[in-house]
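The following exercises are to be worked with the sequence and the structure at hand. Each task is followed by a solution in steps.

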Amino acid sequence: MAKVIEKTKMPTLIMTHNKTLAAQLYSEFKQFFPNNHVEYFISYYDYYQPEAYIPRTDLFIEKDSAINSELERMRLSTTASLLSFDDVIVIASVSANYGLGNPEEYKAMVQRIEVGFEYSQRQLLLKLVEMGYKRNDNFFDRADFRVNGDVIDIFPAYYEGEFIRVEFFGDEVESISKHEYLTNDKEKDLDEAIIYSVNPFVVTSENLGRAVKQIEEELDDRLKYYEKEDRRVEYQRLKQRVEFDLEMVEGTGLCKGIENYARHLTGLEPGETPYSMMNYFEQIGKDFLLIVDESHVSLPQFRGMHAADRSRKEVLVDYGFRLPSAMDNRPLMFEEFIKKSPHYLFVSATPAPLEIELSDVVAKQVIRPTGLLDPTIEIIDSEFQVEKLHDEIKKVTVKNERVLVTVLTKKMAEELTSYYSDLGMKVKYMHSDIDAIERNQIIRELRLGEFDVLVGINLLREGLDIPETSLVAILDADKEGFLRSKTSLVQTMGRAARNENGRVILFAKRITDSMKYAIDLTNKRREIQDTHNKENGITPKSTKRTLDENLKLEEYDDVAWKMDKLEKMPAAERKKMLIELNQQMKKAAKDLHFEEAIRIRNEIEKLKKL
């Protein structure tokens, strides 16, 4: 994918179905393109419960969410980069298919400040408020501004740890500089600064007035409908909710659930395709490339998004919780998505018929840049498979390499882990009952060598790309079904293809059609790769992926333990703690360990309250 981008020199959006995969891709592309604007765009929620209504039990579930401020910053950084540069590579999850604000409107809400030009300070501050920034002279943070005489400090919502200082002489801008947030040290002088709004749904006051009028008209029509149908509960419910939202929007420019009014705010017609990430790529003014990674999983997921979203919203609209226009705040339909980009590239080891059908060219990338071969495959009788696997694992662990084992049930995963653990092996299991935070920590510990064997059920969906893995063992490989289908077997066996000693053991009593397909395909690929290596004098080398071994949870625990004594602690000491915790949070987020960053952020929030 990186080579295609290098050759075409097109702005590129890379989409995948899984946040873990997206984080991995982002880390790698940052290394491949250190001088380009590589951005990360996934859902900014640590936790998200959409609003829903269950008529059978008359239960309304209020929208509940916790926003990850670092992910929110990265999303805003993405939209700002797309409006400023043409060398952008965005790594995104399915979030890229969801509605965003109008890019033209977002561009209109830009404030450019240049040295030597005159600006009314009052008008500049009002503009910042209109763009969603808050004045905060006490605790200056992202999306805030503060004023001290003729000096205005602005912390752009998409900046990581810097703020802009604008110094006036009267109404003339005397200087603009960029400062480090924690230390206040000047980093460099600027000739100009461009500030974007804090939210893609923020609109100009003129368009906000138009949107409010349209919402009022729609509310009036909907209330007449309920009155005619004699549905007084729905009438009162909708009237109360929308009028409160309008009051908030007119007063502050925002309200809870403002995305439900997106059609009015963006000026689109009913049923018209909503704005999305692809519309921001169009602002660059040149062709862009859309790559769908793991397309055999990603495309079906994109296809199902719209129907799931619509079925939930239809109930909310019918029972008076939302206006009908809320239905237009939706993900793209597949037919809309597939026409959005001038160029598509689908990437998969096991492409489905859909990708083949959509593609003009089908290219088989059998040769790897590392010269690695597909793994060797052994078939071993599944009788006494647990004991036989034990002996194979010992051969691998003495070489300080890792083992992945796939089983068919959660119970088997847990019992196998317990059995091997009792025999002195360092082993853990992973399945759907384990939450995302612990799952990422388990993968990390496996790579660090804190244990040697990971047992799971469907290890494909975890986004596992572990170069240290030299053995993949598939128990009960002849039990045909979803977990032992052609696609699953090929994908699972591929987990061993990152290591020069990679091999796969299939424990089975017979060779199924799926096994035969996967074995034949792997052997054919291996033969092509080996021939190429011999002809070109290539020696296979294991993939290298760096891992920051120094990032441990203890790094901030040894600071956070003081929290109990915070109130008695001198203010200067608390400030030192805050700086230290902020630095550690940024390091964790920069290394894509967002769960660690969240935990540190929670400690920072406690500290801020004091």
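**Exercise 1.** Determine in which sense strands S1 and S16 of this predicted model pair, and over how many bridges.

*Solution.* Locate S1 at residues 12–15 and S16 at residues 289–293. The two strands pair in the parallel sense, over four bridges. Next, take Ile14 and look for its bridge partner in S16: this is Ile291.

**Exercise 2.** Establish the strand order of the open sheet and identify its edge strands.

*Solution.* Reading across the five strands gives the order S2-S7-S1-S16-S17, with parallel pairing. Strand S2 (37–41) and strand S17 (343–347) each pair on one side only, and are therefore the edge strands. From one strand to the next, the twist averages 15°.

**Exercise 3.** Find the strands across which helices H2 and H10 lie.

*Solution.* Begin with H2 (residues 19–32), which lies across S1, S2, S7 (88–92) and S16. Its direction is at about 170° to S2. Then turn to H10 (residues 295–318): this helix lies across S1, S16 and S17, and runs at about 105° to S16.

**Exercise 4.** Explain why the buried residues of helix H5 line one face of the helix.

*Solution.* First list the buried residues of H5 (residues 121–130): Gln121, Leu124, Leu125, Lys127 and Leu128. Viewed down the axis of H5, these residues fall within an arc of 155°, so they line one face. Now inspect what covers them; this includes helix H4 (103–108), strand S8 (111–114) and strand S10 (144–148). Finally, examine the backbone just after H5, where Gly132 takes a positive phi of about 100°.

Conventions:
Residues are numbered from 1 along each chain as its sequence is written. This is a predicted model: local features need pLDDT of at least 70, side-chain atom pairs count only at pLDDT 80 or more; totals for chains, interfaces and linings use all residues. Side-chain values use heavy atoms; hydrogens and water are left out. Buried means under 20% relative accessible area, exposed over 50%, partly exposed in between (1.4 Å probe, protein chains only). The arc is that of the directions from the helix axis to the C-beta atoms. Contact means heavy atoms within 4.5 Å. Axes are lines fitted to C-alpha atoms, for helices over the stretch in contact, and angles run from 0 to 180 degrees between N-to-C directions.
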